[in-house]
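This report goes through the packing of one protein chain, from its nonpolar cores to selected helices and single residues. The sequence and the structure are shown first.

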Amino acid sequence: MKLFSSVKKVYNEFPRRFWGVTGVSFIDSVGATLLFPFFALYITQKFSVGMTEAGLVLGTFSVASFIGGLIGGALTDRLGRKKLILFGLVASAITTLALGFVNEFTVLFPLAAIIGIFADVAAPAHQAMIADILPEQQRQEGFGIMRVVRNLAWIIGPSIGGFIANVDFLWLFIIDAIVSCVAALLFFMFIPETKPALHEGEKPETMRQTFGGYVRVLRDTPFVWFIVAMVLMTLVYSQMYNSLSVFLRDVHKLLPQGYGFLLTVSAILVILFQFWTSRKIKTRPPFALMALGSLFYVIGFGMFAFVSAYMLFMAAIAIVTIGEMITMPTSSALAANFAPEAMRGRYMAVFGLVWVVPFAVGPTAAGIILDNYDPNLLWLIGGAICAVAALAFYALHLRLGKHARFAPAAQDTQASPTAAS
């Protein structure tokens, strides 16, 4: 009964539109996680190629997704959030479905580029919509809730997808496309536009001015330094999803099931403790929290250079996950708070560099270390990089910590007056 009361209290504190966006995002995420974990397996099995070739396809997808994010960020600020999200859901459904019918490996590259663009064209619109709906003091918690939802999808989607993949990979593409179309229909029916209206006398931007706005974003020096620090931190964090599995297999003879369970433990911790963590830290200075979270990465990833027992691997992942629960929602809220109201889409698009660069560069850089040097060196270097990121975040705290845009929430934040809207 107490748990039900707590859940109801949290539900009432956030606007209904936020829960609507969260629910539709969960449905779409389940569809995506049905397919994504098996994408490399599908490529290598169907086209009889190695991971190098599959990696090139995935790299093409990653670069194209950033380009899609830049296009989507500008159009989000010009055309609105809802239109971009609907377009992204339908377009990605069609192009991803086409991927399931391709029979020539060379066709994968242009198709991966097209899919990548459409897959992330709506990403800035999603983040801008959350920032539109929630006041500044609720954004950190709101982005934390979105992380819980995505982790729930990661537990559900791959479990179902594994069974479907054993029957026929094509069904993964078909079901993902159907789920995306269902999400688009729900979004069209129940989620209103949130783009702020122009102020009286304000003229809309031309298309040239809209895309030229990225120059203004890159001239925001504190924001650029924030992005650089985030890229450094995420460069190390990304190893959890690529090189760590190879390291544990080759150095410690750990089976893939053991690595998979480590990721499951991380997801469960996020589901159980992310919202509680967000509540506890929301009254703390956000840049200082980013520095603290980076230090958890220093310890967690650094442990892999010294430990060899499976229980200690779990402890290292738990420590990394604590850092993740601190940094991920805080960083999204900070990016939204950096952005002027009229430029949220473009700021969130540039924020996408935080993921594109590490996942494009990280696996190759880690491979060079693992193949040519002491594998433990990877985690020592990773710990040092996270320490540099922590110093950068703390420097931003000293410079911007007293700015009103980055002030922590009040100790006893009341429910939002828009909670019923």
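## Nonpolar cores

In this predicted model, the largest nonpolar core holds 57 residues. Within that core, the residues with the most contacts are Phe 223, Phe 226, Leu 244, Leu 248, Phe 304 and Phe 393. A second core, separate from it, has 26 residues, among them Val 21, Val 121, Met 146 and Phe 275.

Leu 248 gives a local view of the larger set. Apart from neighbours within four places in sequence, Leu 248 is in contact with Lys 253, Leu 254, Tyr 259, Leu 262, Phe 304 and Phe 313.

## Helix 11 and its contact with helix 16

Helix 11 (221-237) consists of 17 residues, and its first and last C-alpha atoms are 24 Å apart, close to the 24 Å expected at 1.5 Å a residue. Its buried residues are Pro 222, Phe 223, Phe 226, Ile 227, Ala 229, Met 230, Val 231, Met 233, Thr 234, Val 236 and Tyr 237. They pack against helix 10 (207-218), helix 14, helix 15, helix 16, helix 17 and helix 18.

Two packed helices are described by the angle and the distance between their axes. For helix 11 and helix 16 (residues 344-351), the axes come within 10 Å and cross at roughly 35°. On the side of helix 11 the contact is made by Phe 223, Phe 226, Ile 227 and Met 230, and on the side of helix 16 by Tyr 347, Val 350 and Phe 351. Sorted by class, this contact has seven nonpolar residues, no polar ones and no charged ones.

## Helix 16, Arg 344 and Asp 77

How many of the eight residues of helix 16 are buried? Eight of the eight are, so helix 16 is largely enclosed by the rest of the structure. The buried residues are Arg 344, Gly 345, Arg 346, Tyr 347, Met 348, Ala 349, Val 350 and Phe 351.

Arg 344 has a relative accessible area of 9% and is therefore buried, the limit being under 20%. Beyond four places in sequence, Arg 344 is in contact with Asp 77, Arg 81, Ala 128, Ala 131, Asp 132, Arg 139 and Ala 339. Val 21 is 323 residues from Arg 344 along the chain, and the two C-alpha atoms are separated by 17 Å. Asp 77, in helix 4 (residues 51-79), counts as buried at 7% relative accessibility. With its neighbours within four places left aside, Asp 77 is in contact with Lys 195, Ala 342, Met 343, Arg 344, Gly 345 and Arg 346.

## Helix 18 and the cysteines

Does the end-to-end distance of helix 18 agree or disagree with the expected span? Helix 18 (residues 377-400) has 24 residues, so at 1.5 Å a residue it should span 34 Å; its end C-alpha atoms are 34 Å apart, which agrees. Its buried residues include Leu 378, Trp 379, Cys 386, Phe 393 and Leu 400. Among the elements that cover the buried residues of helix 18 are helix 11 (221-237), helix 12 (243-252), helix 14 (286-303), helix 15 (310-338) and helix 17 (353-372).

Cys 386 counts as buried because its relative accessibility is 0%. Cys 181, with a relative accessible area of 39%, is partly exposed. The disulfide count comes to zero.

## Ile 281 and Gln 140

Ile 281 belongs to helix 13 (residues 256-281) and is buried at 10% relative accessibility. Not counting residues up to four places away, Ile 281 touches Gln 140, Leu 289, Met 325, Ile 326 and Thr 330. Val 167 lies 114 residues from Ile 281 in sequence, and their C-alpha atoms are 45 Å apart.

Gln 140 is part of helix 8 (residues 136-167) and counts as buried, at 9% relative accessibility. With the same neighbours in sequence left out, Gln 140 touches Ser 278, Ile 281, Lys 282, Leu 289, Pro 329, Thr 330 and Ala 333.

## Backbone at Lys 253

Most residues other than glycine have a negative phi. Lys 253 is not a glycine, yet its phi is positive, about 55°. Lys 253 sits in the loop between helix 12 and helix 13. With a relative accessible area of 64%, Lys 253 is exposed.

Key
Residues are numbered from 1 along each chain as its sequence is written. This is a predicted model: local features need pLDDT of at least 70, side-chain atom pairs count only at pLDDT 80 or more; totals for chains, interfaces and linings use all residues. Side-chain values use heavy atoms; hydrogens and water are left out. Helices (H or I, at least four residues) and strands (E, at least two) are DSSP runs, numbered from the N terminus. The expected span of a helix is 1.5 Å times one less than its number of residues. Buried means under 20% relative accessible area, exposed over 50%, partly exposed in between (1.4 Å probe, protein chains only). Contact means heavy atoms within 4.5 Å. A disulfide is a pair of cysteine sulfur atoms within 2.5 Å. Axes are lines fitted to C-alpha atoms, for helices over the stretch in contact, and angles run from 0 to 180 degrees between N-to-C directions. Ala, Val, Leu, Ile, Met, Phe, Trp, Tyr, Cys and Pro count as nonpolar, Asp, Glu, Lys and Arg as charged, and the others, Gly among them, as polar. A nonpolar core is a set of buried Ala, Val, Leu, Ile, Met, Phe, Trp, Tyr and Cys residues joined through side-chain atoms within 4.5 Å.
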